[in-house]
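Subject: Structure for you to look at, with notes

Dear colleague,

I am passing on the structure we spoke about, together with my notes on it. Please open it alongside this message and read the two together.

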Amino acid sequence: MDKRVLVISHNCFNKTNNMGITLNSYFCRWDKEKIAQIFFVNDIPDSDCCSKFYKLTDKNIFDTIFGKKSYGYEVKNLSSIQNSAQLSFATKIARNRTPFIYCIRNLLWRMGKWNNEKLWRFIDDFNPEVIYYASGDYVFSYKIALFIAKKKRIPLIIGCFDDFYISRKFSFNPFYYLNRLLFKRQTKKTFFYCSGFTSSSELMLKDYSAIFNKKGFTIYKSSCYEKAESYNLHGDIVYAGNLGYGRATQLVNLGRFLKKKGLPLLHVYSGEVRVGLTKLMSENNGIVFHGRVSGNEIEMIIKKASFIVHVESFKKNNIKRVKYSLSTKIADYLKSGIPIIAVGANDVASINYLYKNNAAFCFLNEDSLKEIDNIFNKDKINKVVGNAQELYKLNHTESDNSQKMKVLINLSV
């Protein structure tokens, strides 16, 4: 029998953002009456597997500090939520993710009256048996998840999707070190209490298990993509995603090699607006830049491509930042039936995952790109795509995700 799970997350269950999609895939086989959620963004829930929602935003917290009774509310009519495009002043500030803003936002949540009778009425009416906390990089949400779990005397499971604990950078900003100190302290407390955790990659599972001495499962993202009906070797070579963490430089390296070999240009789709990065996306570098397109358009573009590209940096400082994260796009690419070109260091979870499963044409250093023309071979393409499809079936189906989650929750209760 399904346990009653209270999901605590910054993002709500929905079908438009990565976290919302991931949560849907984790709990898609649950009785929807056994899932409730507390979330912290001004967004619209859209889920077939959760029916009870409580929204508590930065604006609510900001208002309570000045004496207003703005304690958040249970979402019973989804149409009653403001459109997510209508951002409050407090939310706009919160999205400016500087070390100072991290400290201020955490302080506001500490001062604000989130711990109120209205919230506890929602929690007690649902009467959860376990909490699943989809963690992020803000101290306040760890505190809320831990406080509720302790008060209800129920198990807590932590979902880890990006590494914020191990990775660190050098900074002259004192607020960076203050926020990092408080974050690591709170993370340790939360992990000390928790019954187990989920990770986004095997590398994260291995290192977090050793650090925190807790049982964990790697649960991969599933995909709502459909497999391409046919394959076109003469389609575009496509990259879709952000250009940060050295990815722009890597795309330039790839584009130049493609151009040098007389191969098709690399088509880049990204919402990136930093001129320093977008100006690199030029035909001189073998690239055609298209800017932002919708999720549905990207799926259609990928299905018509000859190759889809995933890149990570070769530089150590960038590797540290993305080392443990498995890109949310990997599941979509594996399922699509289009061969993947992966360029990057094997130390990064996304690249290593594709390489060790022979699910992509992997180029693990810049020199290896000299052999890029060798991938235009139907037999090689069929083998790599076949491996990718098998890998998706093995690790990424919704039934697999949901079953792993049930096992972990049953072990903790």
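The notes below take the sheets, then the cores, then the internal spaces.

Please bear in mind throughout that this is a predicted model.

The sheets

One open sheet is built from 8 strands in the order β4-β3-β2-β1-β5-β6-β7-β8, and its pairing is mixed. Its edges are formed by β4 (73–75) and β8 (216–218), each of which has a single partner strand, so one side of each is left without a neighbour in the sheet. On average, and with direction ignored, neighbouring strands here are turned by 20 degrees against each other. Within this sheet, β5 (residues 130–134) runs parallel to β6 (residues 156–159), and 4 bridges join the two; if you want a place to look, Y132 has I157 in β6 as its bridge partner.

Two helices that pack on this sheet deserve a look. Helix α5 (residues 117–126) touches β1 (5–9), β2 (35–39), β3 (52–55) and β4, and its direction makes about 160 degrees with that of β2. Helix α8 (residues 202–212), for its part, touches β7 (196–199) and β8, with its direction at about 150 degrees to that of β7.

There is also an open sheet of 6 strands, ordered β11-β10-β9-β12-β13-β14, in which the pairing is parallel. Here the edge strands are β11 (287–291) and β14 (361–363), each pairing on one side only, and the twist from one strand to the next averages 25 degrees. Strand β10 (residues 266–269) pairs with β11 in the parallel sense over 4 bridges, and V268 stands opposite F289 in β11.

The nonpolar cores

In soluble globular proteins, nonpolar side chains tend to be buried together. In this model the largest nonpolar core has 40 residues, of which L6, I8, I38 and I148 touch the most other members. The element that gives the most to this core is helix α6 (residues 139–152), with 7 residues. Another core, of 31 residues, lies apart from it and includes I298, A305, A345 and L354.

To see how one of these central residues is surrounded, take L6: leaving aside residues up to four places away in sequence, L6 touches A36, Q37, I38, F122, I123, F126, P128, V130, I131, Y132 and I148.

A pocket and a cavity

The second largest pocket holds about 320 Å³ of space. It is lined by 16 residues, and those closest to its centre are N106, R110, V139, K143 and L182. Helices α4 (99–111), α6 and α7 (174–193) each supply at least two residues of this lining, with the largest share, 6 residues, coming from α7.

As for enclosed space, how many cavities of 30 Å³ or more does the count give? The count comes to 1 cavity, and the largest cavity contains about 80 Å³ of space. The residues that line the largest cavity are S135, G136, Y142, C160, D162, F164, Y165, F183, T187, F191 and Y208. Helix α7 provides the largest share of this lining too, with 3 residues, so that helix is worth keeping in view when you examine either space.

With best wishes

How values were computed:
Residues are numbered from 1 along each chain as its sequence is written. This is a predicted model: local features need pLDDT of at least 70, side-chain atom pairs count only at pLDDT 80 or more; totals for chains, interfaces and linings use all residues. Side-chain values use heavy atoms; hydrogens and water are left out. A nonpolar core is a set of buried Ala, Val, Leu, Ile, Met, Phe, Trp, Tyr and Cys residues joined through side-chain atoms within 4.5 Å. Buried means under 20% relative accessible area, exposed over 50%, partly exposed in between (1.4 Å probe, protein chains only). Contact means heavy atoms within 4.5 Å. Two strands pair if DSSP finds at least two bridges between them. Axes are lines fitted to C-alpha atoms, for helices over the stretch in contact, and angles run from 0 to 180 degrees between N-to-C directions. On a 1 Å grid over the protein atoms alone, a cavity is a set of points where a 1.4 Å probe fits but cannot get out, and a pocket is an open set with protein on both sides within 12 Å along at least five of seven lines; lining residues have an atom within 4 Å of a point. Grid points are joined across faces, edges and corners, and a volume is the space filled by probe spheres set on the points.
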